[in-house]
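Student: Could you take me through one part of this model in close-up, namely the annotated lysine positions and whatever surrounds them? I'd like one connected story rather than a list.

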Amino acid sequence: MKHEDSSWSCYQLSLYQHPTSRVGVCKQEILQKKNAVLVDGVILNGPIMDSKAGEKLVEEACKIIMEEVVQKADDVTEKVCEWQAPEKLKQILDLEMRDTGESHQKILQLCRDVIKYSVKTNHPRFFNQLYAGIDYYSLVARFITEALNPSVYTYEVSPVFLLVEEAVIKKMIEFIGWEEGDGIFNPGGSVSNMYAMNLARYKFCPEIKEKGLSGLPRLVLFASEECHYSMKKAASFLGIGTENVYFIKTDERGKMIPEELEKQVQRARKEGSAPFLVCATAGTTVLGAFDPLDKIADICEKHGLWLHVDASWGGSALISRKHRRLLHGIHRADSVAWNPHKMLLAGIQCCALLVKDNSGLLKKCYSAEAAYLFQQDKFYDVSYDTGDKSIQCSRRPDAFKFWLMWKALGTTGLEERVNRALALARYLVEEIKKREGFQLILEPEYANVCFWYIPPSLRKMEDGPEFWQKLHQVAPIIKERMMKKGSMMLGYQPHWGKVNFFRQVVISPQVSREDMDFLLDEIELLAKDL
Amino acid sequence: HHALAGRFLTETLNTSPYTYEVAPVLVLMEEQVLSKLRELVGWSSGDGIFAPGGSMSNMLAMNVARFQRFPESRSRGNWDLPRLGLFASQESHYSILKGAALLGIGTDNVHLVRTDERWVGKMIPEELEKEIQRVKGSEPLFVCATSGTTVLGTFDPLDAIADICARHGLWLHVDAAWGGSFLGMPFSPQGLPKLCCFPPTRADSVTWNPHKLLMVGLQCSAFLLRDSSGLLQRCHGVGASYLFQRDKFYDVSLDTGDKSPQCGRRADGLKLWILWKAVGTRGLGQRVEYLLEQVKRREGFQLVTEPEFINLCFWFIPPSLRGQESSPEFWDKLGKVAPAIKEKMIRRGSMMVGYQPHGSRVNFFRQIITNPAVTRQDLDFFLDEIQELGWDL
């Protein structure tokens, strides 16, 4: 129903922009003209929003978004970031939220400013995180879901998105190698890991759901020392305790050592604690390493432990026939976390937890059967109301953007992307080996290329504490310079006794070979005088 | 529309506000918005973070409360802690139960406090006191008061509950996911009891979901904390060295992402900020007021209870059942009316409204108007349509 009546414009304008000035006059006019009623001082009829003005705003904002973000996304001559110090940026943005609203033009200007000073994660030279680039299909899907604003808890309220989620989960399960299974989309890999931990705990001892952990034996879980920090956060959140995450040593390539896992499990048993879960990582955050899943699965089977594979980063390698061997054995996992918003550019957030069990374990573990939402007397098959499997109530339709991408590109299109990203990483590695001053930390098997840059002044220095201390300071300085210049963004970190090194991550299909060359040239340039 | 523009922008920028370096604008914006929300709650300082939903915000509150009382539980876990006691009203949102299960506290240790029959749905403070005394064997920790319950839309009496919490040293969390947006109103609307407009200033933490009444778009849920000593960071932070390096070239206290149990996170603050800039605090408050007034016009349908907020709960009694209130099958038959009408309206596609059973009451409709585009004619249509669809039942 459209409410197009110009006699309303006076009232709407007064309420929408200048709440106090013209209301008194307009009220009388409107009461006379329209069949309105006055209740408790408020006029009732006609909407309180000017839809026409709103639609115009959306159109104009979209135009700005198209011009300033989407069309510039793959332009390497644009800056990756427009660095400003925080205090300065606060002033520029005029962050304050006031009592009265601001004008249409001002709002559009604010949009422009937000874009200008935000980091362009779509840029081909943004390598800072485990996500990058832009996928146009995903973007379209996201605009659709934003405009529809659905919540995926029941079939009645979000029929399409619910069915889509089901179909996507089924497809992902196929790639893991299970015949059937269950799953759900979550707001983040950290949350997926949390789900898996809780599920494993529930399987181990279902009464914990009601009774809690108090008075029970100490639960213990195992993860590699290279695992994502969400394991610690999850352990703490779930009441298990960060101390009870036993970190397993990794080899020089960052992979969990199965013999060490066996040792730790034995140790935990001897202590009288209750081991219940092993989390293997397929694609670690810093080094991009893949734990040996087959051997780990053997140990889990032997000891009756739940095997969760955190494949948030590396899971997308399953799509590539060439590279899926990295995850060999994943079908033996009980649960898998896989984030298409990383390597597959599905758009933040898009994170699935897949579960091998098909007996409704996920639902049993998480449901609360709220009567106002999951009524059993609906007129359709209520097993479609999958929202009760979640710890969330309202939930975003995160599977849809992945689905649309998959429909557009096909498995082969997605596979091509993964293959290309890894090929580019390989190219970079070969170039690094050729160039003086660049030292590879380890031979990567995925898309993480970790290396030091040793500036000329340090190259003749002897290996010793002074050398490492000086080298440690190099990466932060180069990073500062690249950000202030806006030419690219690359992450660095210290790691297990190694001083600050760069972690280059290749993801986006918009990245070219020239960008890889540029990366090395630019580092050399920025570090000339160090 | 402003929030929608903000959402399109958020999608296109496609980033996670964990550090200033990767999302400078969004990080500053989140801090600004949280600060404004805290101001409306009545705090001049404090902490907070955006979470993916009110359920999660409630769980954060539970976790922070537990950590504050038992800091070592973060590392040691719960297994050697005494049994904890959590309290919420019978009308509270189900995320309290889900949270208790997830956090390893146990749903048995959530004690649901009886609500008032007269002012239907409000937690009875005396009953809360009784429950706390009753579970003295375990360690009472946390009370969740609800400002705007899910079904009936009632507001727990915060002052009385705060007194009890102060007396027993319990953490007071106010789940204002639904009702929080009342706080944006510049004045108390006429005809509503003052109690329900009470700002939750005495709370230790508050959940507030602008994605509900302020229509900002899923998801947008703020977890607000009164503490400003860094409790949130100490509770959740692990200082991952690949993300939260200490040797960055800017003030790293801006890297607020470690305060959350999440790593990657959506930038939910932008859409709210744009909306607020466009409409102003007063504009937001006025929307809420308009909706309230709409609801107060009763149309002769049988109300389940006098609405305190904007949840209008009622039964439609078709002609065939009228006058039969005393017959034993009346309620049974009435319970089948709402589902049948719901099916018809969905198949027709004319409108959608929720129903549910609640406590001992059979299925009734819960009408909630959050969309400012709704007019009086829409409400007339709503009632006419129910009558039409349900006439021959």
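**The annotated lysines and their surroundings**

Tutor: B:Lys212 has a relative accessibility of 26%, which is why it counts as partly exposed. Keep in mind that this is a predicted model. The reason to care about B:Lys212 is the record: an unreviewed UniProt entry annotates B:Lys212 as "modified residue: N6-(pyridoxal phosphate)lysine". In chain B you'll find B:Lys212 in the loop between strand E6 (205-208) and strand E7 (221-225). That loop of chain B, between E6 and E7, also holds B:Gln219, and the peptide bond joining B:Leu218 and B:Gln219 is cis, with omega about -10 degrees.

Now hop over to chain A. There, UniProt (unreviewed entry) puts the feature "modified residue: N6-(pyridoxal phosphate)lysine" at A:Lys342. A:Lys342 sits in the loop between strand E9 (335-338) and strand E10 (351-355) of chain A. Is A:Lys342 buried or exposed? A:Lys342 has 15% relative accessibility, so it counts as buried; the cut-off for that label is under 20%. And what does A:Lys342 touch? If you skip the neighbours within four places in sequence, A:Lys342 is in contact with A:Leu130, A:Tyr131, A:Ser312, A:Trp313 and A:Ile507.

The E9-E10 loop of chain A has a couple of backbone details to check by eye. One is A:Leu345, which lies in that loop between E9 and E10 of chain A. A:Leu345 isn't a glycine, yet its phi is positive, near 60 degrees. With a relative accessible area of 4%, A:Leu345 is buried. The next stop is A:Gln349, found in the loop between E9 and E10 of chain A. The peptide bond leading from A:Ile348 to A:Gln349 is cis, and its omega is near -5 degrees.

Follow the chain out of the loop and you land on E10(A). Of the 5 residues of E10(A), 5 are buried, so the strand is largely enclosed by the rest of the structure. Which way do the side chains go? A:Cys351, A:Leu353 and A:Val355 point one way from E10(A), A:Ala352 and A:Leu354 point the other way, and all of them are buried. For background, side chains in a regular strand alternate between the two faces of the sheet.

As for its partners, E10(A) pairs with E9(A) in the antiparallel sense over 4 bridges, and A:Ser335 stands opposite A:Val355 of E10(A). E10(A) also pairs with strand E4 (residues 182-186) of chain A, antiparallel, over 5 bridges. In that pairing, A:Asn186 has A:Cys351 in E10(A) as its bridge partner. Such pairing in a sheet goes through backbone hydrogen bonds, either parallel or antiparallel.

Let's widen the view to another sheet in chain A. It's an open sheet of 5 strands with mixed pairing, in the order E3-E13-E14-E12-E11. Its edges are strand E3 (126-127) and strand E11 (438-440) of chain A, each pairing on one side only. Inside the sheet, strand E13 (residues 489-495) and strand E14 (residues 498-505) of chain A run antiparallel and are joined by 4 bridges. A:His495 finds its bridge partner in E14(A), and that partner is A:Lys498. Between E13 and E14 of chain A is the loop with A:Trp496. A:Trp496 has a positive phi of about 50 degrees without being a glycine, and at a relative accessible area of 55% A:Trp496 is exposed. Across E11, strand E12 (448-453) and E14 of chain A lies helix H14 (residues 399-434) of chain A, running at about 20 degrees to E12(A).

One last contact between the chains. Helix H3 (residues 51-70) of chain A has buried residues, including A:Leu57, A:Ala61 and A:Ile65. The buried set covers an arc of only 155 degrees around the axis, which puts these residues on the same side of H3(A). A:Glu59 and A:Lys63, on the other side of H3(A), are exposed. Part of the cover over the buried residues of H3(A) comes from chain B: it includes helix H1 (2-13) of chain B, together with helix H5 (104-117) and helix H6 (136-148) of chain A.

Definitions and conventions. Residues are numbered from 1 along each chain as its sequence is written. Chains are lettered from A and ligands numbered from 1 in the order in which they are written. This is a predicted model: local features need pLDDT of at least 70, side-chain atom pairs count only at pLDDT 80 or more; totals for chains, interfaces and linings use all residues. Side-chain values use heavy atoms; hydrogens and water are left out. Two strands pair if DSSP finds at least two bridges between them. Helices (H or I, at least four residues) and strands (E, at least two) are DSSP runs, numbered from the N terminus. Contact means heavy atoms within 4.5 Å. Axes are lines fitted to C-alpha atoms, for helices over the stretch in contact, and angles run from 0 to 180 degrees between N-to-C directions. UniProt positions are given in the numbering used here, feature names are shortened, and annotations may be inferred rather than shown by experiment. Buried means under 20% relative accessible area, exposed over 50%, partly exposed in between (1.4 Å probe, protein chains only). The arc is that of the directions from the helix axis to the C-beta atoms.
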